[in-house]
Amino acid sequence: MNHQQHIHLFFGPTTEAVDHVHHLAGRTGPAIPTPGGHIHAVLGMVTTTIQHSHAFSTCTGNPIPVRDGHIHRFTGTTTIEQEHSHQFRLETSIQQPCCP
C-alpha cells in the first residue's frame, strides 16, 4: 500500500475534568513517512459540553499490525478552556483509502 493514500477514523472520550467529559471524532491526515513506518496528524475540536469546547492536536505513533491492516495509537491534552483541560488516549480504526 502507498502510505500516502490512506487515513484512519477515530472516536473516543477524554478524561473527566470539572465533572464532565468530551468526545473526539474525526479522521487523521494522510500518512507521514518515518523511519519506523509512518504516522498521521490528528487535530480538531472535541464535542461541546457545558457551553464550551476544546481544540486538540497531536500525531499518532507508528503503525500497529492488526488483522486486515493496521491501527495507530495517540495521546494528548486538549487546550485549556474555562480553566481546565482534558487528556485523551485513543486508537484509530483500520486504514481507509483516501486522497486520490
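## Where strands S10 and S11 meet

Let's start at one bridge: Gly76 has Phe88 as its bridge partner in S11. This is a predicted model, and in it S10 and S11 run antiparallel to each other, paired over 5 bridges.

Strand S11 shows two faces. Phe88 and Leu90 make up its covered face, while Gln87, Arg89 and Glu91 sit on the uncovered one. In general, side chains in a regular strand alternate between the two faces of the sheet.

## Aromatic pairs

Searching the whole structure turns up 4 aromatic pairs. One of them joins Phe10 and Phe56: with ring centres 6.2 Å apart and planes at 80°, over the 60 degrees needed, this pair counts as edge-to-face. Its two members come from distant parts of the chain, as Phe10 belongs to strand S2 (residues 9-13) and Phe56 to strand S7 (residues 55-59), 46 residues apart.

Are these two rings buried or exposed? Phe10 is buried, at 5% relative accessibility, and Phe56 is buried too, with a relative accessible area of 4%.

Phe88 then returns as a partner of Phe74: their aromatic pair is edge-to-face, at 6.1 Å centre to centre and 65° between the planes. Because Phe74 lies in strand S10 (residues 73-77) and Phe88 in strand S11 (residues 87-91), the pair ties together parts that are 14 residues apart in sequence. Phe74 and Phe88 are both buried.

## One cluster

How do these residues come together? Ring pairs link Phe10, Phe56, Phe74 and Phe88 into a cluster. Phe88 thus has a place in this cluster and on the covered face of S11.

Notes
Residues are numbered from 1 along each chain as its sequence is written. This is a predicted model: local features need pLDDT of at least 70, side-chain atom pairs count only at pLDDT 80 or more; totals for chains, interfaces and linings use all residues. Side-chain values use heavy atoms; hydrogens and water are left out. Rings of Phe, Tyr and Trp (its six-membered ring) pair if their centres lie within 6.5 Å; planes under 30 degrees apart count as stacked, over 60 as edge-to-face and the rest as tilted. Helices (H or I, at least four residues) and strands (E, at least two) are DSSP runs, numbered from the N terminus. Buried means under 20% relative accessible area, exposed over 50%, partly exposed in between (1.4 Å probe, protein chains only). Two strands pair if DSSP finds at least two bridges between them.
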